[in-house]
Amino acid sequence: MAQRNFKQVDVFTATPYRGNPLAVVLDGNGLGDEEMKHFARWTNLSETTFLLPPEDDAADYRVRIFTPGGELPFAGHPTLGSCHAWMEAGGKPRRKDVIVQQCKVGLVHLRRDGTRLAFAAPPLKRTAPSPAVLAQVAGALGLKSQQVIAAQILDNGPAWFSLLLDSPQTVLGLSPHHLELKNLGVKVGVAAAYEKPAPGAPQLEVRAFAAAIGINEDPVTGSLNAGLAEWLIADKHMPERYLAAQGACLDRAGRVHVERDAQGQVWVGGDSVTCIAGSVAL
């Protein structure tokens with residue numbers, strides 16, 4: 001084992017311990033798949049990342065992303081948190097206007113807005129769920145059919161079975177049957193819009209249930225929010241710029257900044273803060 005630089009970063013918050021934590025091993029060189037998987041299971045966080053030199057000349061760095069259940073091709077909060085940790089450790093992007101991350105899904109572009117980072121949402125595949133599976137998922141969530149406004153399967157690397165519900169109160173009041181969701185083998189995202197939010201207040205309430213990959217509820221989820229943004233903006237459920245809240249039921253206060261630019265690209269941003277810095281034996 002070697003001592004490797006390590007950070008634990010809180011993502012989608014500027015206040016420590018109010019967002020979604022991420023373990024970042026800043027030097028993943030020489031680690032095999034099983035070693036990475038084992039460490040990710042040990043941290044028991046929703047995601048653990050390992051930074052590596054890029055294999056693509058266009059990228060600034062490469063990242064591998066693991067949950068306790070296995071590797072992901074892409075995830076949002078690990079993208080923001082890993083980039084934050086990489087730059088804080090002295091990483092210098094090749095271009096002033098963009099940072100390029102390489103991961104299993106390909107190249108992901110990030111931009112800086114002051115201290116806040118935002119990633120370009122990857123291409124999204126949208127499909128309508130079958131009525132039978134929709135009924136099973138709604139049942140596992142304890143929902144009545146009239147509480148579901150719309151449903152889509154959103155795939156931008158990870159796939160999220162996503163439901164737009166009738167109110168934020170419905171979203172916050174859910175008590176899912178996690179074993180049923182695990183047996184269905186789907187990760188589920190739910191969201192609802194606030195009718196008249198106060199200025200600066202969140203406009204969308206979001207929750208994410210991922211028992212299928214070993215996480216009953218994820219505090220704040222970048223990939224889900226990216227998929228939701230592309231869907232809900234395109235279908236006129238949400239404006240082209242909005243603020244989403246996630247994590248309230250876990251005593252978190254995640255804030256996700258969403259914007260669709262003039263070219264139609266959706267950007268998903270948030271603050272990050274380092275809570276632990278040191279080394280880890282791996």
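Helices, H or I runs of at least four residues in DSSP, are numbered here from the N terminus. With that naming in hand, the enclosed spaces of this predicted model can be followed element by element.

The second largest cavity is a good place to start. α2 (76–88) and α6 (222–234) each supply at least two residues of its lining, and the largest share, three residues, comes from α2. The volume of this second largest cavity is about 30 Å³. Around the space stand Glu47, Ala75, Gly76, His77, Pro78, Asp218, Val220, Thr221, Gly222 and Ser223. Sorted by class, this lining holds three nonpolar, five polar and two charged residues.

The structure holds two cavities of 30 Å³ or more. The largest cavity encloses about 90 Å³, and 14 residues line it, those closest to its centre being Glu47, Leu72, Trp160, Ile213 and Thr221. Its lining divides into eight nonpolar, three polar and three charged residues. Glu47 thus turns up among the residues closest to the centre of the largest cavity and again in the lining of the second largest cavity. Thr221 likewise appears in both places, close to the centre of the largest cavity and along the second largest cavity.

Glu47 deserves a closer look. The UniProt record, an unreviewed entry, places the feature "active site" at this residue. Glu47 sits in the loop between α1 and β3 (48–52). Its relative accessibility is 8%, so Glu47 counts as buried, the cut-off being under 20%. Leaving aside residues up to four places away in sequence, Glu47 touches Pro21, Leu22, Ala23, Ile65, Phe66, Thr67, Leu72, Ala75, His77 and Pro78. Of these partners, Leu72 is also one of the residues closest to the centre of the largest cavity, while Ala75, His77 and Pro78 also line the second largest cavity. The side chain of Glu47 further makes a polar contact of 3.3 Å with the side chain of Ser46.

The next residue along, Thr48, belongs to strand β3. Thr48 counts as buried because its relative accessibility is 0%. A polar contact of 2.8 Å links its side chain with that of Thr43. Thr43 also figures among the residues that Thr48 touches beyond four places in sequence, together with Leu22, Ala23, Phe39, Ala40, Arg64, Ile65 and Phe66. Leu22, Ala23, Ile65 and Phe66 are contacts of Glu47 as well. Over a longer range, Thr48 and Leu163 lie 115 residues apart in sequence and 27 Å apart in space, C-alpha to C-alpha.

Turning to the open spaces, the largest pocket holds about 230 Å³. Asp113, Arg116, Arg241, His257 and Glu259 are the closest to its centre among 14 lining residues. The elements giving two or more residues to this lining are β7 (106–113), β8 (116–120), β15 (241–246), β16 (254–260) and β17 (266–270). By class, seven of the residues lining the largest pocket are nonpolar, two polar and five charged.

The second largest pocket has a volume of about 160 Å³. Met1, Arg4, Gly30, Leu31, Glu35, His38, Phe39, Ala281 and Leu282 form its lining, to which helix α1 (residues 33–43) gives the most, with three residues. This lining comprises five nonpolar, two polar and two charged residues. Phe39 offers a link back to the strand residue described above: this residue lines the second largest pocket and is also touched by Thr48.

Key: Residues are numbered from 1 along each chain as its sequence is written. This is a predicted model: local features need pLDDT of at least 70, side-chain atom pairs count only at pLDDT 80 or more; totals for chains, interfaces and linings use all residues. Side-chain values use heavy atoms; hydrogens and water are left out. On a 1 Å grid over the protein atoms alone, a cavity is a set of points where a 1.4 Å probe fits but cannot get out, and a pocket is an open set with protein on both sides within 12 Å along at least five of seven lines; lining residues have an atom within 4 Å of a point. Grid points are joined across faces, edges and corners, and a volume is the space filled by probe spheres set on the points. Ala, Val, Leu, Ile, Met, Phe, Trp, Tyr, Cys and Pro count as nonpolar, Asp, Glu, Lys and Arg as charged, and the others, Gly among them, as polar. UniProt positions are given in the numbering used here, feature names are shortened, and annotations may be inferred rather than shown by experiment. Buried means under 20% relative accessible area, exposed over 50%, partly exposed in between (1.4 Å probe, protein chains only). Contact means heavy atoms within 4.5 Å. A polar contact is a pair of N or O atoms within 3.5 Å; within protein, one must be able to donate a hydrogen and the other to accept it, and residues adjacent in sequence count only if both atoms are side-chain atoms.
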